[in-house]
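Hi,

Here is the structure I promised to pass on to you. Have a look at it first, and then read my notes below.

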Amino acid sequence: MARQIALFGHQVKLISPRFVRPFVKSIKNDFVDAEAICEAASRPSMRFVTPKSESQQTLSALHRTRQSLIQERIRTGNQIYAFLLEFGIVMPRGADIKKRLTAVLAEHQLPTRMLTLLVRLSDHFQYLRDQITSIEKELLIQLSSDDLAQRLLTIPGIGPITASALLGEMGDGLQFACGRDFAAWLGLVPQQKSTGGKTTLRGVSRREGKPIRTLLVLCARSYILRVNKESGRLADWVLSLMARRHANIVACALANKLARIAWAVATKKTRFEPYPSIMPG
């Protein structure tokens with residue numbers, strides 16, 4: 001609807017429903033909702049959402065579908081392990097469940113109906129794996145023809161899945177005033193508590209966390225694992241932080257920095273340049 005309205009020359013601004021709800025005065029109806037939307041839109045500090053393009057919506061839909069398939073694959077695998085445990089059979093963990101299940105069933109005697117059920121679950125598990133692989137191939141095809149995606153891939157630790165997620169959620173990044181706003185939107189900033197003129201910064205809260213935040217934290221952890229093999233100012237910063245902070249804090253801090261770098265790469269239309277190390281040796 002936002003794209004169709006924009007075709008008529010209007011400037012479209014989307015408002016999150018939770019920001020409109022406080023302005024609803026009485027029982028919900030169309031007239032009260034319209035009045036609340038107008039009241040919320042007139043606030044100078046109101047935060048708006050930029051409408052997504054068709055390409056962004058497609059990427060976002062692919063990621064949501066992939067995530068749901070991954071969750072269903074995990075549930076199916078856990079069901080297979082649990083059903084076998086009920087019969088006193090412990091199957092080794094691993095990604096290739098079908099091969100392991102075939103070996104386990106050849107060694108143990110189970111009721112015919114249970115065998116049929118386990119084979120059916122194994123086939124369903126394999127089907128989910130094939131669907132996830134197919135979606136990942138579609139993401140790679142779409143990334144190969146996008147300039148912003150190729151520039152995002154130059155950021156250390158960020159791979160195709162995270163780059164496509166950033167492309168789908170952030171776009172050109174112009175809806176955010178600075179990189180910190182983008183990191184705060186993802187939920188990668190400390191929780192702030194202020195009272196009596198005193199500001200206290202707490203840990204990173206899980207409130208309003210987005211799936212892309214999880215991907216950035218995983219990217220940060222993968223970079224930390226090989227940071228000793230990296231060089232440049234980013235690696236120096238991570239090593240200095242690891243010397244005085246817990247690994248989980250370092251991962252969240254690095255994820256915050258990766259989000260800011262991604263915003264800068266998107267808005268300034270540049271690539272990540274690994275500046276040389278300034279530390280001795």
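Before anything else, please keep in mind that this is a predicted model. I looked at two things, the salt bridges and one of the pockets.

**Salt bridges**

Searching the whole structure turned up 8 salt bridges. Here are three that I went through one by one.

Let me begin with Asp33, which is buried, with a relative accessibility of 17%. The cut-off for buried is under 20%, so Asp33 falls on that side of the line. Its partner in a salt bridge is Lys28, and the closest N and O atoms of the two are 2.4 Å apart. Lys28, in contrast to a buried residue, counts as exposed because its relative accessibility is 58% and the threshold for exposed is over 50%.

The next pair is Glu169 with Lys52, whose side chains meet in a salt bridge at 3.3 Å from N to O. This one links distant parts of the chain: Glu169 belongs to helix α8 (residues 160–169), while Lys52 is in the loop between α3 (30–41) and α4 (54–86), and the two are 117 residues apart. Glu169 is partly exposed, at 26% relative accessible area, and Lys52 is also partly exposed, at 26%.

Then there is Lys98, which forms a salt bridge with Asp123; here the closest N and O atoms are 3.5 Å apart. Lys98 lies in helix α5 (residues 97–107) and Asp123 in helix α6 (residues 112–144), so this pair ties together parts that are 25 residues apart in sequence. Lys98 is partly exposed, with a relative accessible area of 40%, and Asp123 is partly exposed too, with 38%.

**The second largest pocket**

Which residues are closest to the centre of the second largest pocket? They are Leu234, Ile261, Phe272, Glu273 and Tyr275, out of 18 residues that line it. The space in this pocket comes to about 390 Å³.

Two elements give two or more residues to the lining, namely α11 (233–242) and α12 (247–267). The largest share comes from α12, with 4 residues. Sorted by class, the lining of the second largest pocket holds 10 nonpolar, 5 charged and 3 polar residues.

If you open the model, Asp33 with its partner Lys28 and the α12 side of the second largest pocket are the places where I would love to hear what you see.

Best wishes

Technical notes
Residues are numbered from 1 along each chain as its sequence is written. This is a predicted model: local features need pLDDT of at least 70, side-chain atom pairs count only at pLDDT 80 or more; totals for chains, interfaces and linings use all residues. Side-chain values use heavy atoms; hydrogens and water are left out. A salt bridge is a side-chain nitrogen of Lys or Arg within 4 Å of a carboxyl oxygen of Asp or Glu. Buried means under 20% relative accessible area, exposed over 50%, partly exposed in between (1.4 Å probe, protein chains only). On a 1 Å grid over the protein atoms alone, a cavity is a set of points where a 1.4 Å probe fits but cannot get out, and a pocket is an open set with protein on both sides within 12 Å along at least five of seven lines; lining residues have an atom within 4 Å of a point. Grid points are joined across faces, edges and corners, and a volume is the space filled by probe spheres set on the points. Ala, Val, Leu, Ile, Met, Phe, Trp, Tyr, Cys and Pro count as nonpolar, Asp, Glu, Lys and Arg as charged, and the others, Gly among them, as polar.
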